[in-house]
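Reader: Could you take me through the place where the ligand sits, slowly and in plain words? I'm in my first year, so please spell out the terms as you go.

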Amino acid sequence: MSHAFNTSEIDQLEHTSGQTLYGDGALVVLKGLLEAGISYFGGYPGAPTANLIDAAADAYEPVLKKYGVYVESSANEMSAAAMCTASVFAPVRGAVTWKVLGNGVSTDVVDHVSQIGPLGGCVLVVGEDYGVSSTTVAQRTLPWAMKSGIIVVDPRADQQLLLRMTRESFELSEASTSVVALLLRPQLSHANAQVTVGDNRIGQYNVISKLKEGIKDPARYPLPPNTQRQELERYRDRLPKAREYIVQHGLNEIFGAPDAPIGIITHGTVFNTVMRVLANLGLADEDGVTDPAISVLQLNVVYPLCDEQIIDFIKDKREVLLVEEGQPDLMEQQIRALLHQRGIATPFHGHDLIPGVGELVPGRVLPALAQFMARLLPDRAEAISATANGYVERQKLAATLFPKPVTPRPPTFCTGCPERPVFSMMKINEMLTGQKDWHATDVGCYGMAGLAPFHMADSNIGMGGGLAAATALSAISEQKNVSVVGDGTLWHSALNTCVVNGLYNKQDATYLVLDNKWTAMTGAHENPNSGPQLTGQASGGVFNIERTFKGLGVKHVEKANPYNFRDFQKKLKKIQADPDPQLRVLISEAECQLQRQRTVKPMRAKAIAEGKRTEVERLGVDEEVCVGDHSCMRVNGCPSLTLEESPNTLKTAPVAAIDTTCVGCGVCGEIAHAAQLCPSFHKVTVVRNASRFERFMQRLSERLLPALRAA
Ligand SMILES: O=C(O)C(=O)Cc1c[nH]c2ccccc12
């Protein structure tokens with residue numbers, strides 16, 4: 001199925017040297033991978049590189065297949081990492097992708113690949129997100145990579161450079177027999193730009209032109225005594241070769257005159273923030289040309305650091321400021337140690353001036369940079385401080401221009417989402433019985449149950465670890481455990497981590513499996529449960545959740561449709577009342593509503609255009625009947641359900657109203673009834689291309705109704 005890219009975008013992947021490509025960072029990286037001549041690509045979706053998986057899926061049939069690239073949607077990050085072994089035992093290039101938190105999932109396998117060292121370029125495209133715009137844990141890839149001898153490429157936000165760095169990552173990997181992590185931050189993956197491309201290459205060995213056999217070399221097995229030798233070679237030979245490549249090929253860049261008296265060192269897309277702030281302070285122009293007093297060393301590779309390059313940059317400067325984002329501040333520690341070791345006395349600043357924790361957005365860098373520059377450029381100090389203060393003042397002023405604080409809009413379940421009724425029911429049960437269960441959830445849409453109006457994700461600890469997070473709690477607490485997992489996370493890792501663990505250790509818990517057929521939260525990706533593979537090819541397995549649980553020996557398995565409130569409620573109560581102290585499973589089965597609408601809407605539009613009769617159901621609220629108690633909303637949170645001023649001036653409370661985005665799932669009406677009998681909800685059937693008889697009846701009632709009202 002189509003993911004995010006249209007045909008004209010994908011066609012550009014075959015553009016040749018000198019032609020252009022317009023697209024987002026994911027498309028640019030995929031072009032770079034083709035220019036590098038990869039033989040395999042895989043990964044597990046996660047923001048901010050889920051769109052790279054989309055691009056590969058959309059490009060598979062028209063492009064990647066022709067180039068003989070093996071493409072897989074890996075079961076999890078560890079599977080993806082394990083695939084990189086192809087580059088260890090054959091001279092083939094390949095790339096895999098995942099988000100920063102996936103580093104941990106992949107670690108054991110990546111550590112082995114990295115220790116032996118790949119023969120063909122091996123690149124991990126990691127979605128870096130220290131600003132947690134799409135992630136739960138603030139984390140840098142750098143410390144993880146350093147402990148495993150993985151090279152880290154962290155390009156500034158410039159798509160042309162990103163294309164080059166994607167290709168160079170493979171060269172760098174081969175030159176140093178090392179794994180390379182190419183950081184793709186949201187500022188790059190989600191920004192569109194035009195780039196000039198190169199020619200694609202076809203890998204020497206691939207799906208079409210196959211390798212005879214892998215290189216069998218017991219001397220490279222990661223077992224002692226090879227292990228100790230590999231560790232020695234990694235630090236004695238391989239990383240120095242990486243440094244050599246980085247310097248010789250100018251992967252790091254200097255902006256401004258290298259002998260300018262004031263130096264700034266930065267990395268990744270933090271560079272763009274620094275340049276923006278310098279421009280705001282009048283110390284650079286909008287094109288990034290800095291004031292003659294300032295030069296900037298941009299590290300597009302943050303590990304390994306190239307000692308001589310850094311020393312050369314710093315040694316004759318008056319002062320240098322390192323603008324490093326986040327913790328641990330490993331770049332700062334390394335540079336400080338290096339300066340100390342070489343006896344270089346240039347005053348060096350870092351997190352003593354720059355905020356040490358959190359994303360370095362312009363507003364946080366500006367005061368620090370202004371203070372640093374004003375001190376070093378006394379003749380311009382007044383102007384710099386005035387500009388900086390002006391920004392701060394204007395920010396304060398802007399805040400006062402809003403009459404009230406802006407209403408917070410936490411993310412929530414989509415209109416018609418089949419997961420909402422499950423939490424509504426549990427919330428209503430809690431209200432009616434006063435019994436508060438412990439809800440250990442996982443990573444997925446259902447994690448949003450932790451937000452208003454449910455507050456029902458008591459622990460949300462890592463992908464695939466939800467139920468397991470409650471094993472000790474189940475044993476040492478009197479509270480009942482009701483844990484929740486989605487189908488995507490179940491097949492990613494929870495099946496082993498939670499289910500096998502819970503059954504083996506006889507955990508007393510109710511496990512709710514929200515089976516919506518998609519890895520929905522990443523932007524609707526295929527998982528074993530969805531049917532075909534990401535590439536559209538048929539899957540080789542049967543992934544039946546109910547049978548899987550029964551096969552593992554779960555005695556009590558129930559399955560229900562969450563839109564059928566009464567039946568679901570009955571089964572939920574039954575399973576919770578089961579006194580047997582072991583794992584009980586309730587599967588909630590209904591397709592992700594967004595995905596369903598993506599199939600249903602075009603079909604409906606076609607039917608309407610063909611003059612066929614169609615029906616759409618919508619819910620409505622009778623504003624005269626609604627008393628404004630909002631029981632329909634309090635345990636709901638549907639984005640289509642909102643408030644309107646009451647038409648009745650005697651009723652002061654705003655009434656409930658449903659907008660036209662309603663998909664007619666009926667949950668709000670059910671909730672209103674379950675929470676308190678509510679007569680104001682009604683269902684409307686919108687009929688298109690109505691039959692003659694229907695139109696006749698409509699005209700008749702239009703004529704009769706006024707007469708009846710008058711009577
Ligand atoms: O939707 C996302 O981007 C996620 O956070 C999902 C996800 C994918 N792989 C992971 C590994 C650890 C934690 C979360 C994820």
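Author: Here is a close look at the ligand and the residues around it, with a short stop at one pocket afterwards.

A quick note first: this is a predicted model, where local features need pLDDT of at least 70, side-chain atom pairs count only at pLDDT 80 or more, and totals for chains, interfaces and linings use all residues. Residues are numbered from 1 along each chain as its sequence is written, and side-chain values use heavy atoms, with hydrogens and water left out.

Let's start with who is there. The residues around the ligand are Y44, P45, G46, A47, E77, K99, L101, G102, V443, M463 and T522 (to be near, a residue needs a heavy atom within 4 Å of the molecule). Sorted by class, that shell has six nonpolar, three polar and two charged residues. Here Ala, Val, Leu, Ile, Met, Phe, Trp, Tyr, Cys and Pro count as nonpolar, Asp, Glu, Lys and Arg as charged, and the others, Gly among them, as polar.

Now for the polar contacts (pairs of N or O atoms within 3.5 Å; within protein, one must be able to donate a hydrogen and the other to accept it, and residues adjacent in sequence count only if both atoms are side-chain atoms). E77 uses its side chain: an N or O atom there is 2.6 Å from a nitrogen atom of the ligand. With A47 it's the backbone, where an N or O atom lies 2.7 Å from a ligand oxygen. K99 puts a polar side-chain atom 2.8 Å from an oxygen atom of the ligand. On its own, the ligand has 360 Å² of accessible area, and the protein covers 90% of that (areas come from the Shrake-Rupley method with a 1.4 Å probe; for residues, only the protein chains shown count as cover).

So where does the ligand lie? Domain 1 (21–247) and domain 3 (421–595) both give residues to its shell, so the ligand lies between them. The domain bounds come from an automatic or database domain assignment.

Domain 3 turns up again elsewhere. Both domain 3 (421–595) and domain 4 (614–710) give residues to the lining of the second largest pocket, so that pocket lies between these two. Its lining has 10 nonpolar, six polar and seven charged residues.
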